[in-house]
Number of protein chains: 2
Amino acid sequence: MSTEATGAADSPIRVALDAMGGDYAPAETVKGAVIAARTQPVRVLLVGDRDSVEAELEKQDTTGLAIDVIPSKGKIEEDEHPVQALRRKPESSLVVATRLLKQGNADALVSMGSTGATMAGASLILGTLGGLERPCLGGPFLGLAPRTVVVDMGSNVDCRPSLLLGFAAMGCVFAHRFLGVENPRVGLLSTGAEESKGNRQVLEASELFKGSELNFVGHVEGMDFFTGKADVIVCDGFVGNVLMKFTEGLGATMAGYLRKSLEGKLPANELEEFASRVWEVNSLPKKMGGPLFGVNGAVVIGHGASKGDGVAGAIDTARRCVELDLVEGMRAELAALLSETISRG
Amino acid sequence: MSTEATGAADSPIRVALDAMGGDYAPAETVKGAVIAARTQPVRVLLVGDRDSVEAELEKQDTTGLAIDVIPSKGKIEEDEHPVQALRRKPESSLVVATRLLKQGNADALVSMGSTGATMAGASLILGTLGGLERPCLGGPFLGLAPRTVVVDMGSNVDCRPSLLLGFAAMGCVFAHRFLGVENPRVGLLSTGAEESKGNRQVLEASELFKGSELNFVGHVEGMDFFTGKADVIVCDGFVGNVLMKFTEGLGATMAGYLRKSLEGKLPANELEEFASRVWEVNSLPKKMGGPLFGVNGAVVIGHGASKGDGVAGAIDTARRCVELDLVEGMRAELAALLSETISRG
């Protein structure tokens, strides 16, 4: 384990990891940090209770790995009110890790802990990008549709049309920089392809989208997560949350259905592996983590149930966000939207 | 083919079928009518252009079957504005079939045609049940979750909380009478099980549900379509529509995924049969049709792509709705809700 100072121009990207966040922390977060430091050009700043983090580190071979331990006190629990918890626990792993990013002592933040607290902490400590009321979670949400970017995946349950427009713009930056899609096509999730179909929120947003510089292809429907009709699908966080959890439930049920239907027709181990794979393609790409769109810094929220490889995957996503300068891209895109609106207004 | 008068007390249930509605009408609607008349205790009233319906009937063996042809003129197309089309085409198959029900010359109506036009026609001609602003579509929506009743499955994209309460009450009557569930548990679809989570619509509806006589179990999440936490899941038609179409897209994609993953591991015909079954369990129970909740009459809307067996299935659902006296049950339940509200108010 190295303890040299970090931050020189040619040093690897520094990722602050909330070592206490997640269902299997700190054992699996520490494992993930070790995997990441071994396989990726990153330095991992493990933020957590020193004793328990170091105890976990001792179980690993960390010779020559770029891992630092940054001590913190306590953690924010899943069931705490995000903003109140942030205030009550200013030395918790999440708050200390977020401050590292704010102060320029880290380049990115990764947490497997409470999504609400991570988002609230990032908004309060890092601030949101200009003109944006609230950040959102975005990215591909389904293994079976790995190139369809969905915003908002569940953070904002009531969205005004202008907020949806901001989310769409950030989704496009992500699709372009992260997935390499040129001029991403944006679709608004609705109940029919026809312009006249949809609820009030969608119909209002539609007008706003049509008047913007986005490559807006109109309304898309539930099946279009799979048809490739749009690269970025925009919905409010209520619908995004329901869909995300629906597919998780469906994937588990489908895996069970396959186990039963194919019993005796495939070798048992092959069947088990196949059922797990089916469960996986029906879920969030677990090893990726979800980038937070719209805050002043690279923040990735990983799945709470991540094991070591999932943690390492989220660290890799954070590293890529920094390398691709996603935050600056989103800042520029939002500024352009804002100036459009002002010049039109 | 029989042409005797119908309607005697001991005669079979008379189902008016919109023979011109659906993607494969009238060939498959006529086939479905023949299957139904042969296998179920029903008399089918085939409403459609006499020449084309009779031409299809001649291809079948209808000896001794209780099938009548009721002539009509023209049909309402999928892309027509429902209410305008109903006014412009008063002799169309849908309107004539709906009037048969209204006038007591049929006991139920089945259509595979435009959902919007069937709903509008039923609302205008039959009327909605007391106190209800609009009807909705409900029932199990997924082969993988055959005992979870969902209301609204896509008809009302903007719902006030009171409308959701009415839908819930009707969903309970359906779950009780049709699926045999005692005292059905009602869940409101939201973004978390906690009372504080959800959008404005859900939070307001939640208060209303808590104050009602429904067996309300609180908020449920996307995975709870599969967990059995509630027998009736209530959402607005926007979310219902998105989910329904999402699963159809997912089912098709999953079937393709299985074909590819299991190629060479199962015999080709077995694999194909299996992939089709997977597609099916991810879709609306196609052979059932969706009962329309909240109109003054038994109306079942079948899938537009139904073949003969799907049409026969929808006719069977309509017959069961009549036998179970679903409409009277819903009327009573809505009246009770209304009197509750008045007595509390």
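The questions and answers below cover a predicted model of two chains, A and B.

User: How do you know which residues and chains the names refer to, and which parts of the model count?
Analyst: Residues are numbered from 1 along each chain as its sequence is written, and chains are lettered from A and ligands numbered from 1 in the order in which they are written. As this is a predicted model, local features need pLDDT of at least 70 and side-chain atom pairs count only at pLDDT 80 or more, while totals for chains, interfaces and linings use all residues.

User: What makes the relation between chain B and chain A a two-fold one?
Analyst: Copies are superposed by least squares on the C-alpha atoms of residues with pLDDT of at least 70 in both. A rotation of 180 degrees, with 0.0 Å of shift along its axis, puts chain B on chain A at RMSD 0.0 Å. The two copies are therefore related as by a two-fold rotation axis.

User: Which residue of chain B comes closest to the rotation axis?
Analyst: V239(B), with its C-alpha at 3.3 Å.

User: What makes two residues a contact, and how many residues of each chain are in contact?
Analyst: Their C-beta atoms, placed from the backbone, must lie within 7 Å. On that basis 34 residues of chain B are in contact with 34 residues of chain A. Helices (H or I, at least four residues) and strands (E, at least two) are DSSP runs, numbered from the N terminus. Two elements of chain B, α8 (237-261) and α9 (268-281), give two or more residues to the side that touches chain A. α8(B) gives the most, with 15 residues.

User: What is the chemical make-up of the side of chain B that touches chain A?
Analyst: Ala, Val, Leu, Ile, Met, Phe, Trp, Tyr, Cys and Pro count as nonpolar, Asp, Glu, Lys and Arg as charged, and the others, Gly among them, as polar. The split is 18 nonpolar, 10 polar and six charged.

User: Why is chain A called as compact as a globular protein?
Analyst: The radius of gyration is taken over C-alpha atoms, and the globule rule is 2.2 Å times the number of residues to the power 0.38. For 345 residues the rule gives 20 Å; chain A has 21 Å, which is close, so chain A is as compact as a globular protein of that length.

User: How confident is the predictor in chain A?
Analyst: pLDDT is the predictor's confidence in each residue, from 0 to 100. Chain A averages 91, and 95% of the residues score at least 70. Over residues 1-9 of chain A, pLDDT stays under 50. Where pLDDT is low, the predicted coordinates should not be read in detail. The model scores ipTM 0.88 and pTM 0.89.
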